[in-house]
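Let's take a walk through this structure together. Have the sequence and the 3D view at hand, and we'll go piece by piece.

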There are 2 protein chains.
Amino acid sequence: MAESEQRVPRPHVVILGGGFAGIYAARGLRDAPVRVTLIDRRNHHLFQPMLYQVAAAALSPSDIASPIRSIVSGQPNTDVVLGEVTAIDPAAKRIELGDSGSISYDYLVCAPGSRHSYFGHEEWESAAPGLKSVEDALEIRRRVLIAFERAEREPDPAVRRALLTFVVVGGGPTGVEMAGTLAELRKYALRKDFRHIDPQEAVVMLVEGGDRLLSAYPEELQRKTVTILERLGVDVRFRTLVTEVRRDGVIASGVEIPSHCIIWAAGNLASPILRTLGAPLDRAGRVIVEPDCTIPAHPEVFVLGDAAIYRDRDLKTGAEGVLPNIAPVAIQMGQYAARIIRDEVRNIPKDPIAADPRLTARIPFNLSRESRRPFRYWNKGQLAVIGRGQAVADIWRFHFSGFLAWLIWVFVHVFFLIGFRNRFVVLFEWAYSYITFRRGARLITGETAEHPVAVAGVPAGR
Amino acid sequence: MAESEQRVPRPHVVILGGGFAGIYAARGLRDAPVRVTLIDRRNHHLFQPMLYQVAAAALSPSDIASPIRSIVSGQPNTDVVLGEVTAIDPAAKRIELGDSGSISYDYLVCAPGSRHSYFGHEEWESAAPGLKSVEDALEIRRRVLIAFERAEREPDPAVRRALLTFVVVGGGPTGVEMAGTLAELRKYALRKDFRHIDPQEAVVMLVEGGDRLLSAYPEELQRKTVTILERLGVDVRFRTLVTEVRRDGVIASGVEIPSHCIIWAAGNLASPILRTLGAPLDRAGRVIVEPDCTIPAHPEVFVLGDAAIYRDRDLKTGAEGVLPNIAPVAIQMGQYAARIIRDEVRNIPKDPIAADPRLTARIPFNLSRESRRPFRYWNKGQLAVIGRGQAVADIWRFHFSGFLAWLIWVFVHVFFLIGFRNRFVVLFEWAYSYITFRRGARLITGETAEHPVAVAGVPAGR
């Protein structure tokens, strides 16, 4: 890799992370006279806003994930590396890939995403997994389905009740969507499948520390959300702080809630790799970025998406605030960074001199913060789905709830799903489960020490 | 469970295994005056003949698997238990479920399937996984995709060649289908995705100890199969015995073949649980069954599918032989066992006396081997798919190959896929990948010690 770098004088843009920000940055550089290297430790881009549907057995992982290589296969200037970045050295303009060497850059687009924050109780993670990756979602799906299976065979009513209690911690969009879809799984999809338990007896509890759900939404929709969840039978608990998480339950505001399936949707912690940037961080480890989404003293280093904290004025209300860590912000940040880079390299010729081995000097380009217009988030609105035909939407000045909001949600999400194939399969799966109330992806796969699924010497379906 | 058993006097049929034999036996008892308990250690029935398509990233697990509970949710007499059978006691008519107690039966339908046989070299399994379960298929998919990713970054040409060599061991249907689909993956689906390697340079090798592929097929189709595979670029090696399997290659007939992705399709070993039956076994651990698919001295114990070895006369050719361990045989055995049981319990009234707690004596039924007609396999033919529009079919006296055989294969397989949803999704996926040459399920998920995908401190796509 080092060798080909010296031979090619075009500016090198390294993108860390194939999430929304990284993918949209790469796509925006499609026709630019730069070389792009997109690095992720996974081979797929994940449509994370729908990940909870995998956790709830409604969709398969491949319905909402596309190989990063396929997404950028049409842009010859882009190289994809499956690898793990272990450090960033902004002074040397270089990233380290552990044992696999290092890569130099002219521009760095840093969008490594985030994991969950357990607020200092990282030991809670094994008892209360969060929902960020395909593996997370499959683990939650496994736990939910195993809980019903164990309850079906459990003679002790107290244990059975604990097995059939699902606790979702955190009343943001992920928590609300997860609670709504679990309530429906129990009510419709599993209705006729058990002989000794009634899945409808299962309790879905949504535990929120504050006094409202979806805090970024208008109050009217927050109230509506509670109404819809309660109509689905979700037990919504406000001002309830989780102080302990164990395998067999949580303690929330002093009350013990026995549960064998706890889902964490309460907080984010940005990737630890950001610490190596030497830039100011907030409490969640996010980089406090400049108006052009870069870090102080390094206009060539962009930090985007969940990794960034950006102060902005709402174009609608004029209020100062911090942009939420949601997909539309990440997408627009990726597009913005690509536009800045395109602008600054526009004097570089696009002809194939890049392949000329005699050229060793890099062609200069205009890297300068002064000429950049600050990033502006265009808030098109926000949407959260709660259940079958039930959603809330806040679009410009219009607030929708119920079926219309749900329809808007379906079309917006399917439209943004990357890749033709996924859109159709997902639409089909939704139509199917909407009409029949069934869920197609109810497989228990994988294994953990606690729930082995493949032990030698016992019967298996062949 | 013990309590409800005493209260219900209907004969109790316990089915071990939710594969083809077990599912078809359960379905055949739908309207019979018996109680059925179907036990599997997995929650899903797997359409195993298409599992190689999951391994080759063409389909998702949920496309070819259905929850067993859903399949039998319409038959109120059937109970599904997710559990692991640890022993069978034919004298006491009881099975043991490890710590979860035991279950008594009047009839036992034992169809636990098989795993791979490494012919005494069980240590080869980690280097050369086989293809029986969803987990197996996902592991192979991961290894295949990781091999291309590592090759893309590998500077050493010898290591790169080893990474791009895929060795399939065994020339039966699974080996042939796996080799054909890998050849196509490399040729079409991955064609444009890499910058430093050409996926078409990858070598797919099919290693067979004997001197033909698909030994159960007519010679004409065997030759045709070799022609089709070689046209796809598969390196077919006959009379080649694998004597050593390592992580970085195999030694086959004295020749070392460096490879980082070895797939085992060479032999089966029936479930060890069968040893507890006290019945005669063959070398592969299968039970040598009586003409009515039961074991000697226990006409109430059926052994079906991969677990059984059955001597039969071919209705077409009149030749004596052993029935192959394929899905149609398992299906017909399951239907046969259900028919026998239905016949023998037909005098039991169907009205809801079963729920009457005052009745504690079991109603007698006519369990007798004498009145049973022996099992007869109706050989409708056999089909193997080799690649895009390429298959071989031996149906009655007609031999097909090429596109027509492939079309027959598509419709036969989709028709037998259990569940409405899967049929449509699978047809759609096939049509999609047939038209576009792409594969939709190219996700690298899960983790092993060797290829961690989730290490703290490194960027992830969010």
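Over how many bridges do S25(B) and strand S26 of chain B pair, and in which sense? The two strands pair over 5 bridges, and the sense is antiparallel. To find strand S26 of chain B, look at residues 390–395. Before going further, keep in mind that this is a predicted model.

Now zoom in on a single rung of that ladder. Gln382(B) has Asp394(B) as its bridge partner in S26(B). Step back a little and you'll see that the pair belongs to an open sheet of 3 strands in chain B, ordered S25-S26-S27, with antiparallel pairing. Strand S25 (382–387) and strand S27 (398–402) of chain B are the edge strands; each has a single partner strand, so one side of each has no neighbour in the sheet. From one strand to the next, the twist averages 5 degrees.

This sheet has helices for company. Helix H8 of chain B, residues 219–231, packs on the sheet and touches S25, S26 and S27 of chain B. Its direction makes about 175 degrees with that of S26(B). Then there's helix H10 of chain B (residues 403–416), which lies across S25, S26 and S27 of chain B. Helix H10 of chain B runs at about 75 degrees to S26(B).

While we're in chain B, have a look at two other helices. Is helix H2 of chain B, at residues 20–28, largely enclosed or left open? Here 8 of its 9 residues are buried, so helix H2 of chain B is largely enclosed by the rest of the structure. Among the buried ones in H2(B) are Phe20(B), Ile23(B), Tyr24(B) and Gly28(B). For another setting, try helix H6 of chain B (residues 157–163), where you'll find Arg161(B). Arg161(B) has 16 other C-beta atoms within 10 Å, so it counts as partly exposed. Follow the chain for 40 residues and you get from Arg161(B) to Glu201(B), yet their C-alpha atoms are separated by 8.6 Å.

Over to chain A. The chain comes to 12 helices and 27 strands, and 53% of its 462 residues are buried. Take the contacts in chain A between residues at least 6 apart in sequence: 65% of them join residues at least 24 apart. The domain assignment gives two pieces here: domain 1 (2–41 + 83–116 + 269–355) and domain 2 (122–266) of chain A. The C-alpha centres of these two domains of chain A lie 36 Å apart.

Chain A also offers an open sheet of 3 strands, in the order S14-S15-S16, again with antiparallel pairing. Its edge strands are S14 (242–246) and S16 (255–258) of chain A, each pairing on one side only. The twist averages 15 degrees from one strand to the next. S14(A) and strand S15 of chain A (residues 249–252) share 4 bridges. On S15(A), Val250(A) is the bridge partner of Val245(A).

One last stop is the core. In soluble globular proteins, nonpolar side chains tend to be buried together. The largest nonpolar core here has 160 residues, and those with the most contacts inside it are Val168(A), Val169(A), Val168(B) and Val169(B). Which residues does Val169(A) touch, leaving aside its neighbours within four places in sequence? Its contacts include Ala128(A), Val207(A), Val242(A), Ile262(A) and Trp264(A).

Notes: Residues are numbered from 1 along each chain as its sequence is written. Chains are lettered from A and ligands numbered from 1 in the order in which they are written. This is a predicted model: local features need pLDDT of at least 70, side-chain atom pairs count only at pLDDT 80 or more; totals for chains, interfaces and linings use all residues. Two strands pair if DSSP finds at least two bridges between them. Axes are lines fitted to C-alpha atoms, for helices over the stretch in contact, and angles run from 0 to 180 degrees between N-to-C directions. Domain bounds come from an automatic or database domain assignment. A nonpolar core is a set of buried Ala, Val, Leu, Ile, Met, Phe, Trp, Tyr and Cys residues joined through C-beta atoms within 7 Å. A residue is buried if 20 or more other C-beta atoms lie within 10 Å of its own, exposed if 12 or fewer, and partly exposed in between; C-beta atoms are placed from the backbone. Two residues are in contact if their C-beta atoms, placed from the backbone, lie within 7 Å.
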